[in-house]
Amino acid sequence: MATITECRGALSRLSDNLARADGGVRGAAAFDRTLSCHLTDLDTTFTGRLVDGRIEVEDTVAGLPPGKAQIRLRMTGDDLVAMVDGELNFAKAWASGRVGLEAGFRDLLRLRSLL
């Protein structure tokens, strides 16, 4: 099972990947939204923002997110690490319910090129 430290590292790598992206991917990520990522197996939530193509983690809290972020992810720590490492396809994991993503319709349209 992935640790909280490994999951935090995975989010940092994802942020770096988004920042290095070019073209449509970079443009799709270049907006300002609150973000939460709840790790179901660790019962921990990372909260922060997606700002200018980077993920900025502001806090780590036990349990469910304290507020409703504009973009909400839900998955296990192992799935987060596997997705960032390219071992798990996000679209297939989302379609099967293994990974949860909740956001407004306009945000989902923008995020689709990232996924």
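Two strands count as paired when DSSP finds at least two bridges between them. With that in hand, welcome to this predicted model, where an open sheet of five strands in mixed pairing is a good place to start. In the hairpin formed by β1 and β2, four residues lie between the strands, and D43 takes a positive phi near 45°. From there, the tour goes through the sheet, the helices that pack on it, and a few residues worth a look.

**The sheet**

- The strand order is β3-β2-β1-β4-β5, and the pairing in this open sheet is mixed.
- β3 (54-62) and β5 (100-103) are the edge strands; each has a single partner strand, so one side of each has no neighbour in the sheet.
- On average, neighbouring strands of the sheet are turned by 20° against each other, with direction ignored.
- As a general reminder, strands of a sheet pair through backbone hydrogen bonds, in either a parallel or an antiparallel sense.

**Strand β1 and its two partners**

- β1 spans residues 33-39 and is mostly covered, with five of its seven residues buried.
- On one side, β1 runs antiparallel to β2 (residues 44-51), and seven bridges join the two.
- Across that pairing, S36 stands opposite T47 of β2, while H38 stands opposite T45 of β2.
- β1 also pairs with β4 (residues 71-75), this time in the parallel sense and over five bridges.
- The bridge partner of L39 in β4 is M75.

**The hairpin loop**

- D43 sits in the loop between β1 and β2.
- The positive phi of D43, about 45°, occurs although this residue is not a glycine.
- D43 has a relative accessibility of 42% and therefore counts as partly exposed.

**Helices on the sheet**

- Helix α1 (residues 4-20) packs on the sheet and touches β1, β2 and β3. The direction of α1 makes about 160° with that of β3.
- Helix α3 (residues 77-84) also packs on the sheet, touching β1 and β4. Its direction makes about 110° with that of β4.
- α3 is largely enclosed by the rest of the structure, because seven of its eight residues are buried.
- Those buried residues are G77, D79, L80, V81, A82, M83 and V84, and they pack against α1, β1, β4 and α4.
- Just after α3, G86 takes a positive phi of about 80°.

**H38 in its surroundings**

- H38 belongs to strand β1 and is buried, with a relative accessible area of 8%.
- A polar atom of the H38 side chain lies 3.2 Å from the backbone oxygen of G63. Polar contacts are pairs of N or O atoms within 3.5 Å.
- Setting aside neighbours within four places in sequence, H38 is in contact with D43, T44, T45, G63, L64, P65, L73, R74 and M75.
- Two residues already met above are on that contact list: D43, from the loop between β1 and β2, and T45, which H38 faces in β2.

**Cysteines**

- Searching the whole structure turns up zero disulfides.
- C7 is in no disulfide, and the nearest cysteine sulfur, that of C37, is 7.6 Å away. For C37, likewise in no disulfide, the nearest cysteine sulfur is that of C7.
- The reason is distance: a disulfide needs the two sulfur atoms within 2.5 Å, whereas the sulfur of C37 is 7.6 Å away from that of C7.
- Both cysteines are buried: C7 has a relative accessible area of 0%, and C37 has one of 3%.

**The aromatic pair**

- The structure holds one aromatic pair, made by F90 and W94.
- The ring centres of F90 and W94 are 6.0 Å apart and their planes make 35°. The pair counts as tilted, because stacked requires planes under 30 degrees apart and edge-to-face over 60.
- F90 and W94 both lie in helix α4 (residues 90-95), four residues apart, or about one turn of the helix.
- In general, an α-helix has 3.6 residues a turn, so residues three or four places apart point the same way.
- F90 is buried, with a relative accessible area of 11%, whereas W94 is partly exposed, at 37%.

Conventions. Residues are numbered from 1 along each chain as its sequence is written. This is a predicted model: local features need pLDDT of at least 70, side-chain atom pairs count only at pLDDT 80 or more; totals for chains, interfaces and linings use all residues. Side-chain values use heavy atoms; hydrogens and water are left out. Buried means under 20% relative accessible area, exposed over 50%, partly exposed in between (1.4 Å probe, protein chains only). Axes are lines fitted to C-alpha atoms, for helices over the stretch in contact, and angles run from 0 to 180 degrees between N-to-C directions. Contact means heavy atoms within 4.5 Å. A polar contact is a pair of N or O atoms within 3.5 Å; within protein, one must be able to donate a hydrogen and the other to accept it, and residues adjacent in sequence count only if both atoms are side-chain atoms. Rings of Phe, Tyr and Trp (its six-membered ring) pair if their centres lie within 6.5 Å; planes under 30 degrees apart count as stacked, over 60 as edge-to-face and the rest as tilted.
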